[in-house]
Every structure is written in C-alpha cells, then in structure tokens.
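Open the model in your viewer and keep the selection tool at hand. The tour goes from the surface to the interior.

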Amino acid sequence: MTDTTTAVQALYFDDMAVGRRFKSGEHAMDAEQIIAFARQFDPQPFHMDDAAAKGSLFGGLAASGWHTAAITMRLQVTTGLPVAGGIIGASGDVAWPRPTRPTDVLHVVSEVMEATPSKSRPDRGMVTIRSETRNQNDEVLQVSTVRIVVPRKPGAAP
C-alpha cells in the first residue's frame, strides 16, 4: 500500500503495517539554499563555492549531507510521515550514495520495515522506517533506516 497524498493526517502505531509505503511532497533545491546552509552549519569549500567544488571529489557544488537530511525530515514531518506527536527517533543509520545538487527536486519514499508494540508501555510501539530521499530522476541521494517511537491511537487496545 502506498500513500502519495500530501494531506497531513496523524499516523499512529496501529497505522504502521509492515510494508506500508509513504511518499512525501517535493522540495526544489538551489545554489543559494546550499550555500546558506553550508555557511551556517557545514562550511566546507565544496558546499559554498562552485569553483572550489569543481576541483573536489564532487566535481561541482553539492549540498551538505546534513542539509539533505534536514530537508528529508521536513518533507516527512509535513507531507510524508506525519506521526502523531512528532517523529521521535530512538536510533538510526544514514548514507548518502549520491550528492544533492542545486538543480535537484527532492522527495522521500518511506517504508515500514518493522513494528513492535512496547511490552512495558502499552500506549506506544517502536517502528523501523527505511527512507530514500530521491531527486527528480528518481536517483537515490540519501538512505536512512531509523527506529522511531510511535504512539497508539488514544483508547486503542494493545
């Protein structure tokens, strides 16, 4: 099952069936965003200067992986994975197989990999989500696997 709507409806543990997929809305990148983020949070030449970036491993201006991660989070919270009470992480892994470029339009595709009810806290469970942040060509720019705390619907039986 894939949800591709951008309507925000709070998701609870009971909504997180293994195999359920979600697709976020989009975010268009540009050089100004990349440079502004880098100046504040990741001031490396390949994130701030196109000429310097051309001589780097990236061969051109590339967003910080943390910038891609921040946009991924915003897309998930607002349109892709609106968990009731917010996305509260317990652990995670992240990889950036390709750089994010100024011309990229990002979206996130997420899938529920595991959902385990809490034995000690019947009002919640742990959900493992695998997400791919992709560009307009469907190329994967970031892969993350995270375990998040998800509340049960109020009044739901464990």
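**From surface to core**

This model is predicted. Start by selecting W66. Is W66 buried or exposed? Its relative accessibility is 53%, so W66 counts as exposed, the cut-off being over 50%. W66 sits in helix 4, which covers residues 65-80.

Now add V94 and W96 to the selection. Together with W66, these residues make a nonpolar patch on the surface. The accessible area of the three together is about 310 Å².

Stay on helix 4 and move to T72, which is also found there. T72 has 3% relative accessibility, so T72 counts as buried, the cut-off being under 20%. Which residues does T72 touch, leaving aside neighbours within four places in sequence? They are V108, T133 and Q142.

Next, go inside. Select L11, F13, M16, F22, L81, V83, V112, V127, I129, I148 and V150. These 11 residues form the largest nonpolar core. Two elements give two or more residues to this core: strand 6 (124-134) and strand 7 (140-151). In soluble globular proteins, nonpolar side chains tend to be buried together.

Zoom in on F13, a member of this core. Leaving aside neighbours within four places in sequence, F13 is in contact with A115, T116 and P117. The contacts of F13 also include G125, M126 and V127. V150, P151 and R152 complete the list for F13.

Last stop: another core lies apart from the largest one. This other core has 10 residues. Select M29, I35, L61 and L141, which are among them.

How values were computed: Residues are numbered from 1 along each chain as its sequence is written. This is a predicted model: local features need pLDDT of at least 70, side-chain atom pairs count only at pLDDT 80 or more; totals for chains, interfaces and linings use all residues. Side-chain values use heavy atoms; hydrogens and water are left out. Patches are made of residues with over 30% relative accessible area and no salt bridge: like charges are joined within 9 Å, nonpolar side chains (Val, Leu, Ile, Met, Phe, Trp, Tyr) within 5 Å. Accessible areas come from the Shrake-Rupley method with a 1.4 Å probe; for residues, only the protein chains shown count as cover. A salt bridge is a side-chain nitrogen of Lys or Arg within 4 Å of a carboxyl oxygen of Asp or Glu. Helices (H or I, at least four residues) and strands (E, at least two) are DSSP runs, numbered from the N terminus. Buried means under 20% relative accessible area, exposed over 50%, partly exposed in between (1.4 Å probe, protein chains only). Contact means heavy atoms within 4.5 Å. A nonpolar core is a set of buried Ala, Val, Leu, Ile, Met, Phe, Trp, Tyr and Cys residues joined through side-chain atoms within 4.5 Å.
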